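Colleague: I'm new to this one, so could you walk me through a single part of it up close? Pick one place where two domains meet and tell me what you see there.

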Amino acid sequence: MQLSALVHSSRIPFAYPVDEHHLRLVLKAAVGDLAAATCVHGDRYAWPHDTDDAKAMERLGDDGVHEYWGVTIPSVTRRIRYTIYVEGIDGTYAWLTEQGPVSRRPKNFTFQYAYIHRADMFKQPEWLRTAVFYQIFPDRFFNGDPKNDPRRNKLKWGEKPNRESQAGGDLAGIREKLDYVKDLGIEGIYLTPIFKAPTNHKYDTTDYYKIDPAFGTNEEFKALVADVHAKGMRFLLDAVFNHSGKEWFAFKDVIKKGPASKYADWFYNLYAFPVSPEECNYETFANRVVSMPKLNTANPGLQKYLLDVATYWIREADIDGWRLDVANEVNHGFWRAFRDAVKGAKQDAWILGEIWHDATDWLQGDQYDAVMNYPWRDATLMWMKGEIDVVEYDRLLTRIRFTHMHEIMKGQLSLLGSHDTTRILTELGGRQKAAQAAVLCLTNHGVPLVYYGDEIAMPGENDPDCRRCYPWHDEAQQDKEMLSLYKRLIALRKVFPWLNDGAWETFIADPVTNVLGFRRLPTPVVAPERPMDEEGVYVVINNSGRNVTVDVPADTDLVDLLAGEMQTGTVTGTVLELPARGIAVLAPKALASLVEG
Ligand code: CA
């Protein structure tokens, strides 16, 4: 047994409470190394140790390097000590302790989870469980009010945008199309920024308290959120707090008064006075983006100002949370205060960070609820594009599932694209693959995101081309088969809310046929006890140019939940025939009967 490959600590994501009386433990070991792992646990104050309980750990999958073992142990008193007894397939054994592996059962350096404190419990909002989010770039969704259209850089609806284009889309337009969004099955809408700003994307805020006149008025915004709520949906706004725009009052004051400005310390680094956009003598977002001076979010005055902004829009317009722009370039202390302020204003508000890479430091439960799951997107695109085989894809999915504590994974936002990426149709070079990606996204754990227009297979290279106008005017540009598939898949999230957090088991990852098959089960992997014979949903993706036959390991006959949609195959009993690039979502009759139509 490779002792050096054993990884465990009494910290997130290896140890964390799932409720007040259960602690989740995860152990990593070298692939193929362990015959068994057993957790021996008891109350920290109970003596002697001989009375401690033992519970076997379960092998849950591997990522090609490590295999993952997990167990959820009970604790009446909430005060826990434990060790993990590991047995290698080579007959060796060890006791894993907080001082590393030892050869004898330890008395003094057991792992300690000192207390499962109620105040430390991290929970996603309840409403998130069935939610599918829809991201809208307001200037390009629908123009509901031509009177407020911007005059400069006018883009004719339907023409290709450039970086400066302004198409005239607005809040009135979104309001007018809410039935369309609702009909799609969406339960959460997320808008890129809408506060007053010079650009079409509005990531360069001029006034955090005013809706941009090209989008509408503050009153129209409140009415929009009220309409969203009336239709049973939630609403997120984009918080751009890493930087402001250069037209923001505080930055203008600094330009005017120099070091004498009381806002001088609100900006991260001012290298020389007078501060000047022409000179770019101040810290900015990215590389010398002079229109976006970087904010010093550690300054108490600025912090108060921005937290007031965050809670103002919750109080005033009743929004349901924030998506945080450039979230990993803002200091942690600011986000902790932000969390307290936002959750204080609305207990079930949701906080979603924009982080494209390892977000562990922000996902300990004290800052964000989740981030946009770009690592999942990257892995999915790599497999769909043939850059990695299905075995490696499955291993990446396993690693991603174990990156964070389970409650965080319930919020991780599965996205195929956004306003910052090439659209999925263009990225994958065709609608069949785009449909496969939609199935992977909408059957994934966490919360799926649909970027406006992907549901009708809109094309688009990266920014600005991924921000085209929604082609309401042209039915020929709306892929109705793709739309039907999206609706069908989104509807499944309501019937099977456990797609959000239920267990995942891969049953086929065949490098010869390039077929992935996995089963989603109702009971979460962190449940203290899991039923033996649980019925679930089977998802199969044929990422090859050939027809395949797959024996699905189900005990009863299966029904095709996507029957009649594009690229589906036929299932007979438990044998699935799939065409090239085919998709299948199957369920036993008892579960399938819950799905209408
Ligand atoms: Ca307009």
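**Where domain 2 meets domain 4**

Modeller: Let's take the surface between domain 2 and domain 4, where about 2,700 Å² is buried, with carbon and sulfur atoms giving 67% of that area. Buried area here is the accessible area (1.4 Å probe) that two parts lose on being put together, summed over both. On the domain 2 side, H406, Q436 and R488 lose the most area to domain 4, together 22% of what that side buries.

A word on the ground rules. This is a predicted model, so local features need pLDDT of at least 70 and side-chain atom pairs count only at pLDDT 80 or more, while totals for chains, interfaces and linings use all residues. Residues are numbered from 1 along each chain as its sequence is written, and side-chain values use heavy atoms, with hydrogens and water left out.

To get your bearings, the protein splits into domain 1 (3-120), domain 2 (133-240 + 297-495), domain 3 (243-296) and domain 4 (501-596); these bounds come from an automatic or database domain assignment. The C-alpha centres of domain 2 and domain 4 are 29 Å apart. Across the boundary, 29 residues of domain 2 are in contact with 31 residues of domain 4, contact being heavy atoms within 4.5 Å.

Now R488 again. R488 makes a salt bridge with E565, and their closest N and O atoms are 2.7 Å apart. The count between these two domains is one salt bridge, meaning a side-chain nitrogen of Lys or Arg within 4 Å of a carboxyl oxygen of Asp or Glu. There are also 13 residue pairs in polar contact between domain 2 and domain 4, both residues at pLDDT 80 or more. A polar contact is a pair of N or O atoms within 3.5 Å; within protein, one must be able to donate a hydrogen and the other to accept it, and residues adjacent in sequence count only if both atoms are side-chain atoms.

What does domain 2 put up against domain 4? Helices α7 (374-384), α8 (390-401), α11 (431-442) and α12 (480-495) each supply at least two residues of that side, and α12 gives the most, with eight residues. Helices (H or I, at least four residues) are DSSP runs, numbered from the N terminus. By type, the residues on this side of domain 2 come to 14 nonpolar, seven polar and eight charged. For that split, Ala, Val, Leu, Ile, Met, Phe, Trp, Tyr, Cys and Pro are nonpolar, Asp, Glu, Lys and Arg are charged, and the others, Gly among them, are polar.
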